[in-house]
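Open the structure in your viewer, choose a cartoon display, and keep the selection tool at hand. The stops below move from the whole chain to single residues and then to a pocket.

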Amino acid sequence: VCNSFDALTFKALDWLPLTKVRGELALVHDEAPKIEVSRPLCGNSYLIPLGEGNFLVGASYDYVFLDENPSLEVQAKLLSRAQAEFGVFSDSAKIISSIVAFRASTYDRIPYLGPVPDIDFCLEQYKSYRRGFRADQFLDCKYLEGLYVNVGHGSRGLVSASLSAELISSFILGEVLPMEKDLIDSLIPNRWFIRQLARGHVVDR
């Protein structure tokens, strides 16, 4: 399952906590930029030259403002932030269009990656656990056969996608996993309810 928020439409994954994060990109046109840019610039914002005086500037990151429509205010902030950081644009630079999309993020900004636990079995297995159990003391969970998930990469998917695909394929094919167990434990989806239970919180389906 690798379909962002639509993963929650599967009954086996409807318990998974995913957070919607709004992102907006602005397409800026500048006939006479102050600085010639031949490659992407990246810092607190980023600027990508597209040729013919066009630049892609991004990106906003907002948990609260979730409007699906483009925002002139957000676009102005993107342009102002990029100009303050890179100093590329002339006074004639103008925003000619924008794109709004939504990222699927997690509570700890680490993707959910690996076999999907049988949530009902696991919660029954762990119902007697109380505060004081470390996460690594929990018995192994039961997983749904043949079902794996790869969601919640937020704004870092371009970086994490290749290793994530390698890990998923290793799970499926029964190969040696390409990373150490501690790291895998921090990625698998059941980490969320194990941490909640270890902290003494009640977890329901």
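Helices and strands are here runs assigned by DSSP, with at least four residues for a helix and at least two for a strand, and they are numbered from the N terminus. Counted in this way, the protein chain, which is a predicted model, has five helices and seven strands.

**The whole chain**

Begin with everything selected and follow the cartoon from the N terminus, where the elements come in the order β-β-β-β-α-β-β-α-β-α-α-α. Along the principal axes, the C-alpha atoms fill a box of roughly 65 × 35 × 30 Å. The radius of gyration of the protein chain is 21 Å, whereas a compact globule of 205 residues would have one near 17 Å.

**The sheet**

Next, select strands S1 to S5, which form an open sheet with antiparallel pairing, and read their order across the sheet as S2-S3-S4-S1-S5. At the edges you will find S2 (41–42) and S5, each of which pairs on one side only. Now add helix H1, residues 72–86, which packs on the sheet and touches S1, S2, S3, S4 and S5, while its direction makes about 70° with that of S1. In general, the strands of a sheet pair through backbone hydrogen bonds, and the pairing can be parallel or antiparallel.

**From S2 to S4**

Zoom in on S2 and S3, which are joined by a hairpin through three residues and pair in the antiparallel sense over two bridges. Here Cys42 stands opposite Tyr46 in S3. Keep Tyr46 selected and look towards S4, where its bridge partner is Gly58.

Strand S3 (residues 46–51) and strand S4 (residues 54–58) are also an antiparallel pair, held over five bridges, and within this pair Leu47 stands opposite Val57 in S4.

Which residue takes a positive phi in the hairpin of S3 and S4? Select Glu52, which lies in the loop between S3 and S4 and has a positive phi of about 55° although it is not a glycine. This hairpin has two residues between the strands.

Then move to Gly58 and show the backbone atoms, since the next thing to look for is a peptide bond. The bond from Gly58 to Ala59 is cis, with omega near -15°, and Ala59 lies in the loop between S4 and H1.

**The second largest pocket**

For the last stop, select Tyr46, Ala59, Ser60, Arg103 and Ser155, the residues that lie nearest the centre of the second largest pocket, which is lined by 18 residues. Two of these names, Tyr46 and Ala59, are familiar from the earlier stops, where Tyr46 was the bridge partner of Gly58 and Ala59 followed the cis peptide bond. The volume of this pocket is about 350 Å³.

Which strands each supply at least two residues of the lining? Colour strand S1 (19–29) and strand S5 (94–105), for each of them does so. If you then colour the lining of the second largest pocket by residue class, you will find seven nonpolar, seven polar and four charged residues.

How values were computed: Residues are numbered from 1 along each chain as its sequence is written. This is a predicted model: local features need pLDDT of at least 70, side-chain atom pairs count only at pLDDT 80 or more; totals for chains, interfaces and linings use all residues. Side-chain values use heavy atoms; hydrogens and water are left out. On a 1 Å grid over the protein atoms alone, a cavity is a set of points where a 1.4 Å probe fits but cannot get out, and a pocket is an open set with protein on both sides within 12 Å along at least five of seven lines; lining residues have an atom within 4 Å of a point. Grid points are joined across faces, edges and corners, and a volume is the space filled by probe spheres set on the points. Ala, Val, Leu, Ile, Met, Phe, Trp, Tyr, Cys and Pro count as nonpolar, Asp, Glu, Lys and Arg as charged, and the others, Gly among them, as polar. Two strands pair if DSSP finds at least two bridges between them. Contact means heavy atoms within 4.5 Å. Axes are lines fitted to C-alpha atoms, for helices over the stretch in contact, and angles run from 0 to 180 degrees between N-to-C directions. The radius of gyration is taken over C-alpha atoms; the globule rule is 2.2 Å times the number of residues to the power 0.38.
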